[in-house]
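Please work through the exercises below with the sequence and the coordinates at hand. Each task is followed by a solution in steps.

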Amino acid sequence: MLSRIADSLFWLNRYMERTQSILRVIRSHYIISLDKDAIGSTTWRPILEIFAQLTDSEITQIEAKPDIVLQKILTESTNPNSIKTIVARARENARGVQNHITKELWEAVNSMYHLTNKPYLNQKLSGPEALEVVDQLMRQSVLYAGIADITMPRGMGWDFMKLGKYLERSMETIVITDKQCQLFGYDMQQESDITKWRFLLMSLAGYEVYLKTYQTFRHNNNILHQMLLNEHYPHSVIFSLTRINRYLRDVIKDNESNEKLALIRTFGRLYSKVNYMDPERLETMDSRAFFKELRNELLVFHNQLEKVFFSY
C-alpha cells in the first residue's frame with residue numbers, strides 16, 4: 001500500500017513538472033517566432049523532435065504550421081506527451097491518493113485537467129489568442145507548484161513528490177540543452193552569439209540569471225556552466241541532483257537495506273560525476289557523449305528507484 005502511494009505521489013509531481021517545462025518551452029519558442037529580428041530558423045522541428053513521437057516526414061509536413069504544432073503538443077489526446085495527456089495522467093495519480101494530498105492540491109490538478117479539455121482551446125490555438133491559451137495553462141501550472149509548496153505536509157510523501165520533481169527537471173535540462181547543442185552541430189569551440197542561446201535560456205527560465213551572473217563573452221562555456229554546474233540556478237543539473245541526494249537519503253534513513261544502499265551508490269556515482277566536474281572541462285568535452293551519458297545514468301537510477309520503492 002505504501003509503495004502504491006509513494007509511486008502515485010512521485011508521478012503526480014513528475015507529470016506536473018513536465019507540464020510546466022513543456023509550456024515554458026512552447027511559450028519561449030512562440031515568442032521568438034514572432035520576433036522578426038530573430039536570428040536563425042524559427043521552425044518548430046526541434047520542439048516536435050522533443051515532444052511529439054513523429055517520423056521525420058510527419059514533422060516536415062507540419063513544422064512550419066504553428067497552429068497544428070500547438071494543437072499536437074497541447075491538446076492532442078493521441079500524443080502521449082501532450083499537455084492534455086500528461087495532465088490526465090497526473091489527475092489519475094492524484095485521484096488515487098486523494099486522502100494523502102490536500103484538498104487544495106487536488107483542486108489545482110482537477111482545474112488544470114478541466115482546462116485542458118475545454119472545447120474552445122483548439123480554435124483559440126489556431127488564431128491570435130494562441131499565446132493567451134499557453135499563458136493560461138502556464139498560470140495554472142505555476143499555481144499547482146505554489147499550492148503544493150504551501151499546503152502539503154512534509155514527510156515521506158513529500159519526499160517522493162520532490163524526488164519526482166527534481167528527477168524530471170534534471171532530465172528536462174539535459175534534453176533541452178542537448179537539443180540546443182545539436183542545433184550548433186555540437187561545435188562548442190565555435191563561439192555563438194548570446195542571441196542564439198536565447199531560446200534555451202528562456203525555456204529554462206535562465207535568461208535574466210545568465211545576464212546577472214556571467215560577465216565574459218565566452219557564451220558557450222558560460223551557458224554550459226549555468227546549465228550543468230551553477231548551484232544557485234534552480235534549473236541546473238547540479239541543483240536538481242543536490243535535491244535528489246537530500247530527499248533520497250531522507251526516504252531511506254529509517255531502513256538502510258542492501259537494495260537501498262545500492263541505490264544510493266548508483267546515484268552517488270552520477271552525482272559525483274557532475275558535482276566534482278572540473279569547469280575547465282566544459283571547453284573541451286564531447287558534449288554529445290556527455291549528455292547521452294548523463295541521460296542514460298539518470299534512466300538507470302530511475303529504473304532502480306522504481307524497483308526498490310514502487311514494486312508492488
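The exercises that follow concern helix packing, burial and backbone angles in a predicted model.

**Exercise 1. Packing of α1 with α6**

Determine how the axes of helix α1 (residues 2–34) and helix α6 (residues 103–116) are oriented, and which residues make the contact.

Solution.
- Step 1. The two axes cross at roughly 45 degrees and come within 13 Å.
- Step 2. Angles under 35 degrees count as roughly parallel and those from 65 to 115 as roughly perpendicular; α1 and α6 are therefore oblique to each other.
- Step 3. The crossing in which α1 passes α6 is left-handed.
- Step 4. On the α1 side the contact is made by Leu12, Met16, Thr19 and Leu23, and on the α6 side by Leu105, Val109 and Met112.
- Step 5. Sorted by class, this contact of α1 with α6 holds 6 nonpolar residues, 1 polar residue and no charged residues.
- Step 6. The spacing of such positions can be read against a general rule: an α-helix has 3.6 residues a turn, so residues three or four places apart point the same way.

**Exercise 2. Packing of α1 with α15**

Classify the arrangement of α1 and helix α15 (residues 287–309), and give the make-up of their contact by class.

Solution.
- Step 1. The axes of α1 and α15 are 9 Å apart, and the helices pack at an angle of about 150 degrees.
- Step 2. The cut-off for roughly antiparallel is an angle over 145 degrees; α1 and α15 are therefore roughly antiparallel to each other.
- Step 3. From α1, Ser3, Asp7, Phe10, Trp11 and Arg14 meet His302, Leu305, Glu306 and Phe309 of α15.
- Step 4. The contact of α1 with α15 comprises 4 nonpolar, 2 polar and 3 charged residues.

**Exercise 3. Length and surroundings of α5**

Check the span of helix α5 (residues 83–96) against 1.5 Å a residue, then state which of its residues are buried and where they pack.

Solution.
- Step 1. With 14 residues at 1.5 Å a residue, α5 should span 20 Å.
- Step 2. The end C-alpha atoms of α5 are 20 Å apart, which agrees with that expectation.
- Step 3. The buried residues of α5 are Ile83, Thr85, Ile86, Val87, Ala90, Arg91, Asn93 and Ala94.
- Step 4. These buried residues pack against α1, α4 (66–74) and α6.
- Step 5. Arg89 also belongs to α5, but at 29% relative accessibility Arg89 counts as partly exposed.
- Step 6. Apart from neighbours within four places in sequence, Arg89 is in contact with Tyr15 and Pro80.

**Exercise 4. Positive phi outside glycine**

For Tyr186 and Ala205, give the value of phi, the location and the degree of burial.

Solution.
- Step 1. Tyr186 has phi near 55 degrees, a positive value in a residue other than glycine.
- Step 2. Tyr186 is placed in the loop between α9 (156–183) and α10 (198–203), and because its relative accessibility is 16%, Tyr186 counts as buried.
- Step 3. Ala205, likewise a residue other than glycine, has a positive phi near 50 degrees.
- Step 4. Ala205 sits in the loop between α10 and α11 (207–213); its relative accessible area of 44% makes Ala205 partly exposed.

**Exercise 5. Separation in sequence and in space**

State the C-alpha separations of Arg89 from Val134 and of Ala145 from Gln20.

Solution.
- Step 1. Arg89 and Val134 lie 45 residues apart in sequence, and their C-alpha atoms are 19 Å apart.
- Step 2. Ala145 and Gln20 are 125 residues apart along the chain, with 9.2 Å between their C-alpha atoms.
- Step 3. Ala145 is part of helix α8 (residues 130–151), and at 33% relative accessibility Ala145 counts as partly exposed.

Technical notes: Residues numbered from 1 in each chain as written. Predicted model: local features only at pLDDT ≥ 70, side-chain atom pairs only at ≥ 80, totals over all residues. Heavy atoms only, no water. Axes fitted to C-alpha atoms, helices over the stretch in contact; angles between N-to-C directions. Helix = DSSP H or I, 4+ residues; strand = E, 2+ residues; numbered from the N terminus. Left-handed = near helix turned anticlockwise from the far one by under 90°. Contact = heavy atoms within 4.5 Å. Nonpolar A, V, L, I, M, F, W, Y, C, P; charged D, E, K, R; others polar. Expected span 1.5 Å × (residues − 1). Buried < 20%, exposed > 50% of the residue type's maximum accessible area, 1.4 Å probe, protein only.
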